[in-house]
Amino acid sequence: MLQSAPLIWFYGVRPGLFQAIFPVYLVGEEPAADQFVMALTEEQRVIRPGSRIEENLRRYLIGMTRHRLHQPVFASQVMAAYGTRCAVCSLGHRELFDAAHIIPDSQLRGEAVIGNGIALCKIHHAAYDRHILGIRPELVVEIHHRLLDEIDGPMLRHGLQDHHAQSLMTVPAARADRPDSDRLAERYDQFRAA
Ligand SMILES: [Zn+2]
């Protein structure tokens, strides 16, 4: 901390699995609570812990913490829970895979927590975000009716239409890692209204 040295923080995602966050800096000590104050950005390094800051800056710093810490940890948790496979089609290529939010992170209940996460490949993530694909709270896929009767190539048929009314192909083994049914229900209502 005194040398302002950049550090790597190995954030525990689950036993034996860590997300490396770097660079981070120690900017304060709280010996009574047995903890340190960590800065994740240059801006956070220059602000004294506990000092009053302007509202816009505070929001910016929270946004940066989300980007630097919460999102990578969330992505690791979702990847581990689904074994890096798409929940809808089971595609298992890391490069084509996203940790998707059920409630978008721009919304109030859109926290980066495992219950708000679902592993989706790029195409199913985009389809979910555009309300082309919905997921019922009981983990059954629905394809929007405007696409169901359309005739097109194999991607539409196998990639989307064939999943209609089918259960998710990949669901985390641990109940605690599965998506929250109330968040799924809220998102499913938006899909139904689209
Ligand atoms: Zn998929």
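**Figure 1. A nonpolar surface patch of about 480 Å² is built from Ile8, Phe10, Phe18 and Phe22.** Strands E1 and E2 are the elements that give two or more residues to this patch. Patches here are made of residues with over 30% relative accessible area and no salt bridge, with like charges joined within 9 Å and nonpolar side chains (Val, Leu, Ile, Met, Phe, Trp, Tyr) within 5 Å. Areas come from the Shrake-Rupley method with a 1.4 Å probe, and for residues only the protein chains shown count as cover. Look for Phe10 in strand E1: its relative accessible area of 53% makes it exposed. The terms are simple: buried means under 20% relative accessible area, exposed over 50%, and partly exposed in between (1.4 Å probe, protein chains only).

Before going on, please note that this is a predicted model, in which local features need pLDDT of at least 70 and side-chain atom pairs count only at pLDDT 80 or more, while totals for chains, interfaces and linings use all residues. Residues are numbered from 1 along each chain as its sequence is written, and side-chain values use heavy atoms, with hydrogens and water left out.

**Figure 2. Strands E1, E2 and E3 pair through two hairpins.** Strand E1 (residues 7-14) runs antiparallel to strand E2 (residues 17-30), and six bridges join them. Two strands pair if DSSP finds at least two bridges between them; the strands (E, at least two residues) and helices (H or I, at least four) are DSSP runs, numbered from the N terminus. Across the E1 and E2 pairing, Phe10 stands opposite Ala20 of E2. Two residues lie between E1 and E2 in their hairpin, and Gly16 in the turn has a positive phi of about 80°. On to the next strand: E2 and E3 (residues 35-39) are also antiparallel, with five bridges. Tyr25 has Ala39 in E3 as its bridge partner. This hairpin has four residues between its strands, and Asp34 in the turn shows a positive phi of about 60°.

**Figure 3. Cys86, Cys89, Cys121 and His124 hold the zinc ion.** The donor atoms are SG of Cys86, Cys89 and Cys121 and ND1 of His124, lying 2.1 to 2.3 Å from the zinc ion. Along the chain, these donors follow the spacing C-x2-C-x31-C-x2-H. Cys86 and His124 link distant parts of the chain, 38 residues apart: Cys86 is in the loop between helix H2 (55-81) and strand E4 (97-101), and His124 is in helix H3 (residues 122-129). Donors are N, O and S atoms within 2.8 Å of the metal (3.2 Å for Na, K and Ca); water is not among the atoms, so sites may look incomplete. Why is the arrangement tetrahedral? The four donor atoms subtend angles of 97 to 116° around the zinc ion, and that makes it so. Four donors count as tetrahedral if all angles lie between 85 and 135 degrees. For comparison, the ideal angle for four tetrahedral donors is 109.5 degrees. Cys86 is buried, at a relative accessible area of 0%, and His124 is buried too, at 1%.

**Figure 4. Some backbone details are worth a second look at Pro23, Ser90 and His131.** Most residues other than glycine have a negative phi, and most peptide bonds are trans. The peptide bond from Phe22 to Pro23 is cis, with omega near -10°, and Pro23 lies in strand E2. Ser90 is not a glycine, yet has a positive phi of about 75°; this residue is in the loop between H2 and E4. His131, also a residue other than glycine, has a positive phi near 60°. You will find His131 in the loop between H3 and strand E6 (133-135), where it is buried with a relative accessible area of 17%.

**Figure 5. Glu55 forms salt bridges with Arg58 and Arg59.** A salt bridge is a side-chain nitrogen of Lys or Arg within 4 Å of a carboxyl oxygen of Asp or Glu, and the structure holds 12 of them. The closest N and O atoms are 3.1 Å apart for Arg58 and Glu55, and 3.4 Å apart for Arg59 and Glu55. Arg58 and Glu55 are three residues apart in helix H2, and therefore about one helical turn separates them. Arg59 and Glu55 are four residues apart in helix H2, about one turn of the helix. Arg59 is exposed at 52%.

How values were computed. Four donors count as tetrahedral if all angles lie between 85 and 135 degrees; four count as square planar and six as octahedral if opposite donors are over 155 degrees apart and all others between 65 and 115; anything else is irregular.
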